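Biologist: I should like to be introduced to this protein step by step. Would you take my questions in turn?

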Amino acid sequence: MTKLPFLFLLLLLLLLLLSPSSAEIKTLSITSDTRPMILFEKFGFTHTGHVAISVSSVLVSTSLSADPSRLGFFLLSEESLLQVLVEIQQNPQLCVLDSHHISPLFNFRELSPPPAASFNHSYPVSSPNEYSLFFANCAPESSVSMAVRTEVYNFDSDGSRDYLSAGLTQLPSLFFLFSLAYFAFLGFWIYMCYTNKRVVHRIHLLMAALLLMKALNLICAAEDKYYVKVTGTPHGWDVLFYIFQFIRVVLLFTVIVLIGTGWSFLKPFLQEKEKKVLMIVIPLQVLANVASVVIGETGPFIKDWVTWNQVFLLVDIICCCAIIFPIVWSIRSLRETSKTDGKAARNLAKLTLFRQFYMVVIGYLYFTRIVVFALRTIAAYKYQWVSNAAEEIASLMFYMVMFYMFRPVEKNEYFVLDEEEEEAAEMALKDEEFEL
């Protein structure tokens with residue numbers, strides 16, 4: 001039991017990474033698992049909350065005599081987790097099932113006799129809070145195999161079950177509203193491209209495809225969450241969600257890289273180093289989306305769940321850094337060009353545009369990666385939807401600014417300037433304002 005203090009510290013980090021799960025009816029199989037603690041899921045309960053657990057085909061393998069009361073399921077709030085950690089640190093031999101800070105559900109003493117070795121019961125949650133469902137194995141030198149089915153839900157005022165966590169029940173409506181906003185955005189963008197078709201470039205068509213994928217991704221997310229809310233399972237909408245999410249994320253990073261290089265509207269080709277960035281970003285996004293599927297469709301009960309989280313975070317950081325390089329290269333290239341081609345005003349306009357785009361991308365990445373995570377961590381469990389709303393608002397604002405800056409217009413204010421501005425532009429280019 002000396003490993004338990006370290007285990008609880010790991011669980012603290014795990015609970016920070018873990019959002020309340022979405023598919024709230026889960027069936028899984030555990031085979032020869034020796035872990036002393038298994039975290040199944042995290043859920044926000046109201047005063048009408050219930051958790052139902054069904055286990056079958058239970059087999060405990062041990063070289064010693066195992067006390068069945070030393071294995072069981074319990075609920076634990078994040079506040080109580082800290083108190084249990086203190087208890088374990090003070091007494092490393094303490095079994096977590098003996099702690100007064102947990103909400104015990106049942107132990108293996110209550111199983112039906114072999115060969116069935118099963119148990120099925122539903123428990124009301126009388127104290128509203130966000131709880132994590134754990135399995136504990138305090139039997140020394142033992143491994144456990146079993147089939148587990150869990151259902152966690154709250155009752156609505158009309159008596160129907162709501163399988164979404166208390167803080168996520170607004171997500172279907174939220175995602176649906178944002179999908180409508182993106183469909184309207186797409187319609188407006190198509191109108192702009194049609195009315196200015198003489199200056200439409202290939203990048204503008206890719207941007208239209210990005211808007212379509214974002215809208216479809218959100219409508220699938222809304223349907224996914226709605227069916228989970230009503231039935232406990234996504235009814236296949238999660239598959240469509242992951243497909244459109246993959247295409248949308250790859251398109252987003254590709255569009256940012258291509259805009260950063262000036263492809264299509266400034267130059268018709270990519271340099272070798274710019275092609276290499278795309279060759280790095282796109283395969284990494286494939287890996288990131290595989291990790292996202294594993295994280296979303298399984299849970300912390302699988303042994304490699306933390307590893308997949310680490311893979312996703314690492315790949316996301318690498319991609320976020322990689323897409324910045326083409327913008328920096330374009331700024332430096334324009335600054336060098338401005339010294340020789342005699343078009344100071346035009347180059348100053350391009351430098352201003354790319355510098356603003358650089359700041360917008362940095363702001364977007366910072367907000368959606370750091371601020372949203374902070375909101376998700378500090379927000380009360382009943383307001384977990386706020387972090388999703390903040391992320392979607394920030395994304396919509398980023399899309400609107402990016403599309404406005406690089407919209408198809410006959411006379412782009414950044415590229416068409418009066419000759420009177422040339423002298424002022426030459427003076428501006430002499431300072432170090434655009435050095436990164």
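The exchange below moves from the whole chain to single residues.

Biologist: How many helices and strands does the protein have?
Modeller: The model is a predicted one. Its secondary structure contains both kinds of element, and the count comes to eleven helices and nine strands.

Biologist: What share of the residues of the protein count as buried?
Modeller: The protein has 436 residues. A residue is called buried when its relative accessible area is under 20%. By that cut-off the buried share is 51%.

Biologist: What percentage of the accessible surface belongs to carbon and sulfur atoms?
Modeller: The accessible surface of the protein comes to about 21000 Å². Carbon and sulfur atoms account for a part of this area, namely 62%.

Biologist: Among contacts with a separation of 6 or more, what percentage joins residues 24 or more positions apart?
Modeller: One example of a pair distant in sequence is A389 and F175, which are 214 residues apart along the chain. For the protein, the percentage of such contacts that join residues 24 or more positions apart is 83%.

Biologist: Which parts of the chain does the pair of F357 and F406 tie together?
Modeller: The count of aromatic pairs comes to 21. In the pair of F357 and F406, the ring centres are 5.2 Å apart and the planes stand at 80 degrees; planes over 60 degrees apart count as edge-to-face, so this pair is edge-to-face. The two residues are 49 positions apart in sequence, so the pair ties together helix α9, which holds F357, and the loop between α10 and α11, which holds F406.

Biologist: Is F406 buried or exposed?
Modeller: Its partner F357 has a relative accessible area of 0% and is buried. For F406 the value is 5%; since buried means under 20%, F406 counts as buried.

Biologist: Which residues form one aromatic cluster with W189?
Modeller: The cluster draws on residues from separate stretches of the numbering, and W189 is one of its members. The others are Y182, F185, Y364, F398, Y399 and F403.

Biologist: Over which ring does the charged end of R407 sit?
Modeller: An arginine also lies over a ring elsewhere: R161 is over the face of Y153, at 4.2 Å from the ring centre. The charged end of R407 is 4.0 Å from the centre of its ring, which belongs to Y404.

Biologist: What is the handedness of the crossing of α5 and α10?
Modeller: The axes of α5 and α10 come within 13 Å and cross at roughly 35 degrees. On the α5 side, R248, L252, V255, I256 and I259 take part, and they meet F398, Y399 and M402 of α10. The crossing is left-handed.

Biologist: Which residue of α5 is in contact with K214?
Modeller: K214 lies in helix α4 and is buried, with a relative accessible area of 4%. Beyond its neighbours in sequence, K214 is in contact with Y182, E392, S395, Y399 and R248. Of these, the one listed on the α5 side of the crossing with α10 is R248.

Biologist: With which residues is N217 in contact, leaving aside its neighbours within four places in sequence?
Modeller: N217 is located in helix α4. Its relative accessible area is 4%, under the 20% limit, so N217 is buried. Its contacts are F241, F244, Q245 and R248.

Biologist: Which residues are in contact with A389, leaving aside its neighbours within four places in sequence?
Modeller: A389 belongs to helix α10 and is buried, at 10% relative accessible area. The C-alpha atoms of A389 and F175 are 8.6 Å apart. The residues in contact with A389 are L174 and F178.

Biologist: How far is the C-alpha atom of F108 from that of F73?
Modeller: F108 is placed in the loop between β5 and β6, and at 5% relative accessibility F108 counts as buried. Its contacts include V58, P68, F135 and M146, and F73 is also among them. F108 and F73 are 35 residues apart along the chain, and their C-alpha separation is 8.9 Å.

Biologist: Is S57 buried or exposed?
Modeller: S57 lies in strand β3 and has a positive phi of about 50 degrees although it is not a glycine. Its relative accessibility is 52%; since the limit for the exposed class is over 50%, S57 counts as exposed.

Methods:
Residues numbered from 1 in each chain as written. Predicted model: local features only at pLDDT ≥ 70, side-chain atom pairs only at ≥ 80, totals over all residues. Heavy atoms only, no water. Helix = DSSP H or I, 4+ residues; strand = E, 2+ residues; numbered from the N terminus. Buried < 20%, exposed > 50% of the residue type's maximum accessible area, 1.4 Å probe, protein only. Contact = heavy atoms within 4.5 Å. Areas by Shrake-Rupley, 256 points an atom, 1.4 Å probe, with all protein chains shown as cover. Phe/Tyr/Trp six-rings, centres within 6.5 Å; stacked < 30°, edge-to-face > 60°. Lys NZ or Arg CZ within 6 Å of the ring centre and 35° of its normal. Axes fitted to C-alpha atoms, helices over the stretch in contact; angles between N-to-C directions. Left-handed = near helix turned anticlockwise from the far one by under 90°.
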